[in-house]
Every structure is written in structure tokens, then in C-alpha cells.
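Subject: Structure for your review

Dear colleague,

Please find below the structure that I am handing over to you. My findings follow it.

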Amino acid sequence: MFGNLFGFLSNDIGIDLGTANTLVFVKDRGIVLREPSVVARYKTSKKVCAVGNDAKRMLGRTPGTIEALRPMKDGVIADFEISEAMLRYFIEKVDKRKLVPPRVVVAVPSGITAVEKRAVKDSAIRAGAREVLLLGEPMAAAIGADLPIDEEYANMIVDIGGGTTEVAIISISGISYQRSIRVGGDEMDEAILAYMKRAYGLLIGERTAEEIKLTIGSASPIESGELSMDVRGRDSTAGLPKTIHITSQEIREEAFSDVISQIVELVKNALDRCQPEHSADLIDRGIVMAGGGALIRGLDQVISDATGLTVLQADDPLCCVAHGTGKFLNLLGSLSREQVDRLVTQ
Ligand code: ADP
Ligand code: MG
């Protein structure tokens, strides 16, 4: 009764606190915000001057007095103060102050420590939440991808974000195996940046490296024909602007191979270590991929070839975790306390 009344009087919120992007879901409205997880602050006073889109524009081209930081970069909270500033900014931006403060569900990287979880909860409370529940990112992704997590059969989810890749095996609404590595889309960008310098003496910024990845990045040969593009940067010896033509094949073979093999190893290790019954279930069910990194051309094929399992992409991989927090909010009314305890990360 009170639950329903609260639902009517407040806007419950789901947040995907990602290493690259933060998404906010508002109950009955859907995903209302998606901005980079970046905070800009003055170097000397440490005062925050911009968050999200505005702060990302400053990455790599900040004036000397300002620094742009990514508080969740490696899947751990690098700095409590700036993470709190970010969370507060996002909550305040969407919370249209109804009578009762919102209940907030935050999806967090599964590698964060108890102290960091406490900090996220306290920050959300200070930002105006009346109650905060934390969902592990793989669990949120699995709910978002509509996996039948409450069944006894095992489901595997691989979430490839900016700073981390997480793998989890879920059955009967609980996590039976989970691992996370600090490798994801960011490392692909860094590998491209290093390759351009090594092969062509061309210096490029992080944003150009990401653009190359999005335009021609691939994990396996592109059957419809390899892609190519011009890249502009600065010649490392002459110091002058220079344009180089590159192909998807060289990026895949010379820059990506190490990152891709680490992701494949993570998945293979999960299959190797999980309970034998779960292995058997996964032959039928396959693996579901979420997160922006799942969009790399041909990655599904590479993982499928390495494991012999079917690999599917979640619908809208970049929004999967945020949708999961939203679906969890909608489910909350019908779950028992025990069921909620199994799903959330304490
Ligand atoms: P996080 O959950 O860690 O915030 P996301 O799931 O939002 O991460 O994914 C962000 C990563 O996905 C970034 O590294 C971004 O460059 C990458 N990404 C986004 N779209 C694509 C795409 N179409 N192809 C390859 N990588 C992509
Ligand atoms: Mg994510």
C-alpha cells in the first residue's frame, strides 16, 4: 500500500554508473539521460566546473587550469569526491522533485569494494535519494537483456564496457561465477593510439582513436570487404599536421589482437571454471553480450569460434544495463525481501 503510494508520489530512478557512460532511467519515462562519465574541475581549487557532455568536450583539450577526469575509469572509484559530484549532477538533473524523494537503483561495476559501495550509497542519499539499492553490472545487464535469470538453468552474460569487461554466470536469480578485467573499449583506443605512433610516427588524441575504432574497428575479417579511412594527426618528428590512410585489417591485426584475446580468455576461463551442469546449460543457451564493446564488428564470431557456443548480442547493448535497472525498479513491488537480497549486491 505505502509502496504504491510512494511510487505515485516519487520518480524512482535507475542509474548505470558506467566507466565510459552514465545512463539514467526514470520510472514510467524510460531512459532520459545518457552522458559520458566525465568530471571537469579546476586544478588548484579542485572545484567541479562541468560534468557529462560538457566535461567530455574538455578531455584532451582542457585549458591549463582545468583537468577532466573519469571517476570510474578502471571500474573502481578513483576519487570519491568527483564521483559524488557526478552522481549528484545526474540525479538532480532528472529528479523533478515530487513529494517523496526517489528510490534509486545504481548498477555498479562488480569489482568495486565494500567501501566504494558505501560511498556510492551515501552519495546518492546526499543527492536526495530516500533509499538506494546497488545492482552488480552483470546482473543488471542480464535483467536488461531479458535473460530468464530466475530459472535454474545457467545464463552467461559478457558486458564489455569502456574500462572493464565483466563476465557472469547467473541462475536462480543469483551469481554463480563472476570475473572482471580492466580491459575494454578504452584499451582498444589506447592500442590504436600506440599503433599509429609506432607504425607511422603519427600522434593522435584519444577521441580520434575512438573514432577510428567506431569507423573501421573489427575483431574478425570483414566478409563484405575490409574498410579504410584517412586519419589526421601530428607527425612526431616534423611536428606538422599529417594525414595517413589506414585499413581495418591492420587495426585488427596490429592493434586489437591483444585486447581481443584477453576478452576471449576471460570467457574461456569462465567456461572452464563454472559448474559442469552450467556448462551443459550454456551449450543450449549460448552467451549474451552487452555493453558498447559488444558492437565491435565480428567479436561475436571470434568468441563463438573460440568457445563453440552461440553468441548473441543484447538488443541495444549500450542501454542494456540501464534498462535492467528500470526493469528491476518495476519488479521491486512484486519481489520478496529474500529475492531482492539475492539480486542486489550488498
Ligand atoms: P561503460 O558501461 O563502461 O560505461 P559502455 O557500455 O557505455 O561502457 O561502452 C562504452 C565503450 O563502447 C566505449 O569504449 C566506446 O568507444 C565503445 N563503443 C560504443 N559504440 C561502439 C561501436 N559501435 N563499436 C565499437 N565500440 C563501441
Ligand atoms: Mg556498462
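Is I15 buried or exposed? In this predicted model, I15 is buried, with a relative accessible area of 0%. The residue belongs to strand β1, which covers residues 13-17. When neighbours within four places in sequence are set aside, the contacts of I15 are T22, L23, V24, L87, I91, V104, V105, V106, A107 and T325. As a distance for orientation, the C-alpha atoms of I15 and A199 lie 41 Å apart in space, and the two residues are separated by 184 residues in sequence.

I turn next to the ligand.

Ligand 1 sits in the largest pocket. Two elements each give two or more residues to the shell around the ligand, namely α6 (185-200) and α7 (206-216). Of the elements, α7 gives the most to this shell, with three residues. In total, 18 residues surround ligand 1, and the closest are T19, A20, N21, E210 and K213.

The following polar distances involve oxygen atoms of ligand 1:

- E210: an N or O atom in the side chain is 2.6 Å from an oxygen atom of ligand 1.
- N21: a polar side-chain atom lies 2.7 Å from an oxygen atom of ligand 1.
- G292: a polar backbone atom is 2.9 Å from an oxygen atom of ligand 1.

On its own, ligand 1 has 580 Å² of accessible area, and the protein covers 89% of that area.

The remaining findings concern R41.

Where is R41 placed? This residue lies in strand β4, which covers residues 39-42. R41 has a relative accessible area of 10%, and it therefore counts as buried, since this value is under the 20% cut-off. Its side chain makes a polar contact with the side chain of D79, at 3.4 Å. D79 also appears among the residues in contact with R41 once neighbours within four places in sequence are left aside; the full set is K46, K47, V48, C49, T65, I66, E67, L69, D79 and I82.

In brief, I15 in strand β1 and R41 in strand β4 are the two residues described individually above. I15 is buried at 0% relative accessible area, and R41 is buried at 10%. For ligand 1, the points to retain are its place in the largest pocket and the 89% of its accessible area that the protein covers.

Yours sincerely

Terms used
Residues are numbered from 1 along each chain as its sequence is written. Chains are lettered from A and ligands numbered from 1 in the order in which they are written. This is a predicted model: local features need pLDDT of at least 70, side-chain atom pairs count only at pLDDT 80 or more; totals for chains, interfaces and linings use all residues. Side-chain values use heavy atoms; hydrogens and water are left out. Helices (H or I, at least four residues) and strands (E, at least two) are DSSP runs, numbered from the N terminus. Buried means under 20% relative accessible area, exposed over 50%, partly exposed in between (1.4 Å probe, protein chains only). A polar contact is a pair of N or O atoms within 3.5 Å; within protein, one must be able to donate a hydrogen and the other to accept it, and residues adjacent in sequence count only if both atoms are side-chain atoms. Contact means heavy atoms within 4.5 Å. A residue is near a molecule or strand if one of its heavy atoms lies within 4 Å of it. Accessible areas come from the Shrake-Rupley method with a 1.4 Å probe; for residues, only the protein chains shown count as cover. On a 1 Å grid over the protein atoms alone, a cavity is a set of points where a 1.4 Å probe fits but cannot get out, and a pocket is an open set with protein on both sides within 12 Å along at least five of seven lines; lining residues have an atom within 4 Å of a point. A molecule sits in a cavity or pocket if more than half of its atoms lie within 2 Å of its grid points.
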